[in-house]
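Please open the model in your viewer and keep a selection command ready. The stops below each name what to select and then say what is there.

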Amino acid sequence: MAQTRVAVIDDWQNAARELIDWSPLAARAEIAFFQRHFAAGEEDEAARMLGDFDAILILRERSRFSENLIARLPRLKLLSCTGARAPNVDMEATTRRGIVCTMTSGGHSPAPAAEMTLALMMACARKVAQGDAAIRAGKFQEGVPPGFTLEHRTLGIIGLGRIGQYMARYGQALGMKVLAWSQNLTAEKARAAGAELVTKEQLFAESDVVTVHLVLGPRSRGLIGAADFARMKQGAMFINTSRGPIVDEAALVGALREGGIVAGLDVYDREPLPPDNPFRDLPNTVLTPHLGFTTVEGLSAFYQPAMENILAFLDGKPVNIANPDVLKQK
């Protein structure tokens, strides 16, 4: 019998090998790490590179496993997904093929993403990127505009879930007034987090900093657009560490080109960010490559339970199954 082969994909930082102890799995399977993901439109390459694997560990939602791709992975028996959702996987197709999909609890700490948001907020407010560039170019303060103090300013939070609640606490610690809005948010829940519930229009008009903390779905896709950016104060900051498609990217580019606002972005419509993306040439941006959850602690909290799901599957006792109907075919 051929040895079980496991692919760990989307390891862009080439860090997965060192983050957890893979030896329990390595004793039972060959593990290969891929320093890339497989997006929509890359099915031929994905089928070629992943066709000889029995199990694939997917980090978050970047790689797409469509019905067509799943049909082209003849050895695949298990997709071990990280997090509590897998909108990138065609669950019906995996079930028809008898492929088990497992999830992790999603109970990882919100701190890495919230801290990344705070880092971008501070970098935008205090012109950290411009200051760094000036020093490296042999200058001092020349060309670096003054920043602004966050104390006594207003922080507007779109989405007051686990990460949004962390941001509310950070805002309070900085002495900021905190506003919040989402489609289902109640005044009571906002007060409990130390925020004031306002309309979406009020939030964009009154906030000095707007941060986004929503799950990407049909209701949130394209939720933030040109009318929202037009309401923002001169010099206000827009921070997105959630998902790129929540924002109308063309509208954000247009607002930034007009020069009225500043943006700190960790997520984009297409990732990796294409070389010709206009964000790269806009001076009023701070850009990072989707680092929100990529701390040692954050990544370990994804990989460890995903590996344990693979081990349980190899034991013939799969757990945390996202497509339980697949067991009816066993």
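**The parallel strands**

Begin by selecting strand 6 (residues 154–158) together with strand 7, which run parallel and are joined by 5 bridges; two strands count as paired if DSSP finds at least two bridges between them. Helices (H or I, at least four residues) and strands (E, at least two) are DSSP runs, numbered from the N terminus. This is a predicted model, in which local features need pLDDT of at least 70, side-chain atom pairs count only at pLDDT 80 or more, and totals for chains, interfaces and linings use all residues. Residues are numbered from 1 along each chain as its sequence is written, and side-chain values use heavy atoms, with hydrogens and water left out.

Within this pair, pick Thr154, which stands opposite Lys177 in strand 7. Then add helix 8 (residues 162–173), which makes a right-handed β-α-β unit with strand 6 and strand 7; right-handed means that, with the strands pointing away from the viewer, the path from the first strand over the helix to the second runs clockwise.

Next, keep strand 7 (residues 177–181) selected: 4 of its 5 residues are buried, so this strand is largely enclosed by the rest of the structure, where buried means under 20% relative accessible area (1.4 Å probe, protein chains only). Extend the selection to strand 8 (residues 196–197), which runs parallel to strand 7 and is joined to it by 2 bridges, and find Ala180 opposite Leu197 in strand 8.

Finally, move to helix 6 (residues 111–125), where the buried residues include Met116, Leu120 and Cys124, and continue to Lys127, which follows helix 6 and has a positive phi, near 55°.

Key
The expected span of a helix is 1.5 Å times one less than its number of residues. Buried means under 20% relative accessible area, exposed over 50%, partly exposed in between (1.4 Å probe, protein chains only).
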